[in-house]
Structures are given as C-alpha cells and as structure tokens.
Amino acid sequence: MTQELHYNQIPIDFGFFTVKTFDNFIIGDNKKLYSSLQNIIDTDQLILIYGNKSSGKTHICEALCNTYLDSVTLIDSKSKLSNLVSLDFYELLVIDDLDKLISSKQDEESLFNLINNQILYKKPVVISSSKDVNDCGIQLKDLSSRLLSDKIFTISDLSDSDKIDMMTLYCSQRGLEIHEKVLQYIMNNCSRDLYFLCALIKNLDKVSLSMRRKITIPCLLYTSDAADEGLGVDLGGRRI
C-alpha cells in the first residue's frame, strides 16, 4: 500500500536544518563533490553544481558560508547584483541559484566580471544551478565559457537509506524520538521527496509535543486529535 501525502496539507516551512553545515550534510553518492569542497578556500577552483529542487544545493552554499564566515561572499536569488560592493576579488565567492539570477544583459556582465576576477586572482568560486548552463538563456558567451571552465558536478539523489539517515539526524537535533522502523514505514508509504519528508517530520514533532508521547506506527495511523487541530496529513486513507 502506497499513498502519497498531500502537499497542500503540509506547512510551507522547508529545509531540514536551521543551521546548515557539512556535519549535517548527507553525502550519499556525492563523495567527489564533497571532497572538492573541503578546504576550498585554499584553492583556485571554480565548481559548478547542478541539482534539482531540494537536492542540497542551497545546503552546500550555506554550509560554505557557515564554515568560512567572514571570508565568504554569498550571492543568491535575493541579491541585487547592482548593490554588490565592487572588489577585485573575494576570498571565496558563492553563487546560489545561478539560473534565478540572470534576468538581463547587465546581470550577465556583472556575473562575468565577478567570476572572471576570481579566476584571474586565483580565488575560488562555487556556483549552483537548477538548470544546465546551456538552458539558462545566457547570451554572453564569455560567461558560459567561464562557468564551464573547471569542475562540474551533478548532485546525485539520496538513496532511501540516506534519507532515513538524514531524518534520523534531523529528529535527533530536534529531540524527537522516532524508531527507525517508523521512518522505514514512512519511506514505504509516503512520498520520498525531501521537501515532503522535512515537513512531515516537523508535523510529527508537533504531534509528539502536543500528545507528550513518542511517535509510533499506531500513532501514525490512529492519531485523529492532531488532524482535528490541523496537524494531520493523509496516510493510507487515514489521517494523523
């Protein structure tokens, strides 16, 4: 029996860890990428990372920021390139969601200058994108060339075992006690999407706190009080 839980019943508050670090990044089959990111500030690498939504791209970017703190400059979809302080180079430049940053010729030129300066001064830059560079609508060929000039990685999806490890770590950090059999039951009966699993764990944490009891499989199936309070989601035709 497999019944995917409905997204519209899940609170829109995603992201497993409040503080994203490499200690709570589940590596899975991404060992080469993980290895390349270690001590990156002491290199002159340009690393381009492709990954689907909720694959861990932003986790990596924020982990770099939390690792190097004052030595890193982050540019993401919330940034305005025109407001960026112009320097010859940055000790470490991190660009998250490249595909969401490009909206004009001026943006492309700004990004090219930033990345080109990092290369000229032999300083590292890490870039993430949900789209292939060739699908980003980039008109400036020099920018495309720079983006593809060094290391390119595609984040591999986590296995079910890796996702259980991640949920276990997340539950531990929240002080939520859930047996591995319960997590395995969730994997067998719910959507495996990381956004979904994150929201579900947060829901279960609320249920556990309100009921003052551990989350068990019977609790998943028969807890109706949580559903009455708006905390429940469909699971195999029932609600929790």
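This text walks through a helix pair and a pocket in a predicted model.

Start with the helix pair. Helix 6 covers residues 160-174, and helix 7 covers residues 180-189. Their axes come within 10 Å. They cross at roughly 130°. Helix 6 and helix 7 are therefore oblique to each other, since an angle must be over 145 degrees to count as roughly antiparallel. The crossing of helix 6 past helix 7 is right-handed.

Now look at the side of each helix that takes part. Helix 6 contributes Asp160, Lys163, Ile164, Met167 and Thr168. Helix 7 meets them with Glu180, Leu183, Gln184 and Met187. Sorted by class, this contact holds four nonpolar, two polar and three charged residues.

Turn next to the second largest pocket. The space in it is about 200 Å³. Its lining includes Leu81, Ser82, Leu84, Val85, Ser86, Leu87 and Tyr90. Ser110, Asn113, Leu114 and Asn117 also line this pocket. By class, the lining has six nonpolar and five polar residues. Charged residues are absent from the lining, whereas the contact of helix 6 with helix 7 has three.

Conventions
Residues are numbered from 1 along each chain as its sequence is written. This is a predicted model: local features need pLDDT of at least 70, side-chain atom pairs count only at pLDDT 80 or more; totals for chains, interfaces and linings use all residues. Side-chain values use heavy atoms; hydrogens and water are left out. Axes are lines fitted to C-alpha atoms, for helices over the stretch in contact, and angles run from 0 to 180 degrees between N-to-C directions. Helices (H or I, at least four residues) and strands (E, at least two) are DSSP runs, numbered from the N terminus. Angles under 35 degrees count as roughly parallel, over 145 as roughly antiparallel, 65 to 115 as roughly perpendicular and the rest as oblique. A crossing is left-handed if the near helix is turned anticlockwise from the far one by less than a right angle, and right-handed if clockwise. Contact means heavy atoms within 4.5 Å. Ala, Val, Leu, Ile, Met, Phe, Trp, Tyr, Cys and Pro count as nonpolar, Asp, Glu, Lys and Arg as charged, and the others, Gly among them, as polar. On a 1 Å grid over the protein atoms alone, a cavity is a set of points where a 1.4 Å probe fits but cannot get out, and a pocket is an open set with protein on both sides within 12 Å along at least five of seven lines; lining residues have an atom within 4 Å of a point. Grid points are joined across faces, edges and corners, and a volume is the space filled by probe spheres set on the points.
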